[in-house]
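Please look through the structure below with some patience, following one part of the chain after another. The text that follows is meant to be read beside it.

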Amino acid sequence: MNIAIAGAGLAGRVLALNLLQSGEHTITLFDKDSKEGVSAAGFTAAGMLAPYAELETAESVIFELGQRSIELWPELLKQIGLFDGYQQKGTVVTAHPQDRGELEHFIGMLRRKVDAAQSIETLDAEAIRTLEPDLYAHRHGFFIPQEGVVDAQRFIAFSVNYFERMENVTFREYTPVERLEPGRVHTAEGVETFDWVFDTRGLGAKEYFGDLRGVRGEVVWVEANDIDITRPTRLMHPRYKLYIVPRGNGCEGIDLEYCSECKLSQTPGYKRYLIGATEIESEDMSPISVRSSMELLSALYTVHPNFGEARVVNTETNCRPAFKDNLPRIENEKGLTRINGLYRHGYLLSPAIVEKALNEGIRRVQ
Ligand SMILES: Cc1cc2nc3c(=O)[nH]c(=O)nc-3n(C[C@H](O)[C@H](O)[C@H](O)COP(=O)(O)OP(=O)(O)OC[C@H]3O[C@@H](n4cnc5c(N)ncnc54)[C@H](O)[C@@H]3O)c2cc1C
C-alpha cells in the first residue's frame with residue numbers, strides 16, 4: 001500500500017516502524033518541521049514507561065495498554081539499532097519525611113486500583129541504599145520493579161537515521177499538512193492521493209479535533225560528575241511531583257550530522273539527568289518560568305546535596321496533546337486513521353495504540 005503519515009512525532013514514527021515491519025508498504029512521512037523532530041512533544045518527553053505510577057490519575061485502560069507497550073518497545077528499538085535506549089530496571093518512589101503521608105497515599109491508591117500493584121515493594125533505609133546508594137538520604141520509599149524508560153531523544157534521532165536508510169520511505173520535512181481526507185493529503189503544494197492516510201499530528205490536528213487541548217510541560221536537563229542514580233526516581237510532594245530520569249553519560253553510536261543527544265556538548269565523565277515535569281493547563285510554549293525552574297531545581301537539590309553543584313545544560317517546554325478525558329482516541333474510516341490524545345502517556349501508549357489502530361483499520365480491510 002502507498003501510505004501517508006501526517007505528523008512525524010512520536011506516534012507517527014512508531015506507526016511507520018510498525019508498518020515497515022511487514023515490509024510491503026511505501027511510506028511518506030509529512031512534518032511541518034525538520035525531520036530531527038525537535039519540536040515534537042515526543043522529543044521533550046522523559047520517555048518513562050510507568051503504567052503503575054500513572055494509575056494515580058489514569059484509567060486502568062492506560063495500565064493495560066502500557067503493559068502491552070512495554071512488551072513491544074524493545075523490538076522497535078532493536079529495529080532502529082538503538083540497543084541501549086531501553087531500560088526496565090524499575091522505578092523508585094520516595095518523599096521527604098514530612099511528605100510521607102503523600103507517599104503512602106499515592107502507593108495506597110495504586111494498590112487499590114489494580115491487583116498487580118500488590119507487587120510494589122516497600123523500601124526501608126537499608127533497601128534504598130542497596131538499590132540506589134546515592135539516595136542514601138531517604139529512609140522510606142517504594143520500588144515498582146516492572147516499570148521502564150525509553151531514551152526518548154535518541155529514539156527520535158535513531159528513527160530518522162533508520163528512515164533515511166529505507167528505500168520505501170520518503171520524509172517530507174517542512175511540509176505542513178493543511179487537511180486530511182480518506183486517501184488524500186492537502187498541503188500548500190496541492191492534493192496528493194494515497195491508499196491510506198494517517199493523522200498523527202498531535203496538537204497540530206486541532207483543525208479537525210475541536211476538543212483537543214495542549215497541556216504545558218517543562219523539563220530541566222542537568223549534568224553532574226559525582227552523583228550516580230541509575231533508575232527513574234519520583235519524589236512525591238503535596239504541590240509538585242518531581243521525577244529524575246538518568247540518561248547516562250554519552251551519545252556514542254549516534255551517527256547524525258545534527259545530533260539531538262550531543263547538541264548540548266556533553267562534558268566527558270559527567271552523567272546527564274532529565275528533571276521533570278510541570279503540568280500546566282496552558283498551550284504556552286514559551287521558555288520555562290522562574291517559578292517552575294525554582295520548584296524543579298529546589299526539589300532536585302533536596303534529593304542529593306551534590307545536585308547543588310550540577311550544571312543546568314538545557315531547559316525545554318512543550319505541550320502534551322490531550323482530550324477532556326485525558327484518554328487516547330483512535331478514529332478509523334476506510335482510507336483514514338487518526339490517533340491522538342496521548343497526553344502524558346505517549347511513550348507508555350504509542351506501540352500498543354498503533355497496534356490497536358492498525359488492527360481495527362487498515363489490517364481489517366486488507
Ligand atoms: C515535558 C513532557 C514530558 C513527557 N514525558 C513523558 C513520559 O515520561 N512518558 C510518556 O509516556 N509520555 C511523556 N510525555 C508525553 C508524550 O511526549 C506525548 O504524549 C507524545 O509525544 C504525543 O505524541 P504525538 O505523536 O501525538 O505528538 P508529537 O510527539 O507532538 O508529534 C506531533 C508531530 O506532528 C507534527 N505536526 C503538527 N502539525 C502538523 C501539520 N499540520 N503538518 C505536519 N506535521 C505536523 C509536529 O511537528 C510533530 O512532529 C511527555 C510530554 C511532555 C511535554
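Arg-179 stands opposite His-186 in strand 11, and this is a good place to begin in what is a predicted model. Strand 10 pairs with strand 11, residues 184-187, in the antiparallel sense, and four bridges join the two. In general, strands of a sheet pair through backbone hydrogen bonds, either parallel or antiparallel. The pair belongs to an open sheet of three strands, arranged in the order 10-11-12 with antiparallel pairing. Because strand 10 (177-181) and strand 12 (190-193) stand at the edges and have a single partner strand each, one side of each is left without a neighbour in the sheet. From one strand to the next, the twist averages 20°.

From the sheet we can turn to two helices. The axes of helix 3, residues 60-79, and helix 8 come within 6 Å and cross at roughly 90°; an angle between 65 and 115 degrees counts as roughly perpendicular, and the two helices are therefore described in that way. Among the residues that make the contact are Leu-65, Leu-72 and Trp-73 of helix 3, together with Leu-348, Pro-351 and Ile-353 of helix 8. The residues of this contact divide into 10 nonpolar, three polar and two charged.

Helix 8 (346-360) also leads us to the ligand, since it is one of the elements that each supply at least two residues of the shell around the ligand, as do helix 1 (10-22) and strand 14 (213-224). The ligand is surrounded by 42 residues, of which the closest are Gly-9, Gly-202, Gly-204, Gly-217 and Gly-346. By character, the residues of this shell divide into 19 nonpolar, 17 polar and six charged.

Key: Residues are numbered from 1 along each chain as its sequence is written. This is a predicted model: local features need pLDDT of at least 70, side-chain atom pairs count only at pLDDT 80 or more; totals for chains, interfaces and linings use all residues. A residue is near a molecule or strand if its C-beta atom, placed from the backbone, lies within 6 Å of it. Ala, Val, Leu, Ile, Met, Phe, Trp, Tyr, Cys and Pro count as nonpolar, Asp, Glu, Lys and Arg as charged, and the others, Gly among them, as polar. Axes are lines fitted to C-alpha atoms, for helices over the stretch in contact, and angles run from 0 to 180 degrees between N-to-C directions. Angles under 35 degrees count as roughly parallel, over 145 as roughly antiparallel, 65 to 115 as roughly perpendicular and the rest as oblique. Two residues are in contact if their C-beta atoms, placed from the backbone, lie within 7 Å. Two strands pair if DSSP finds at least two bridges between them.
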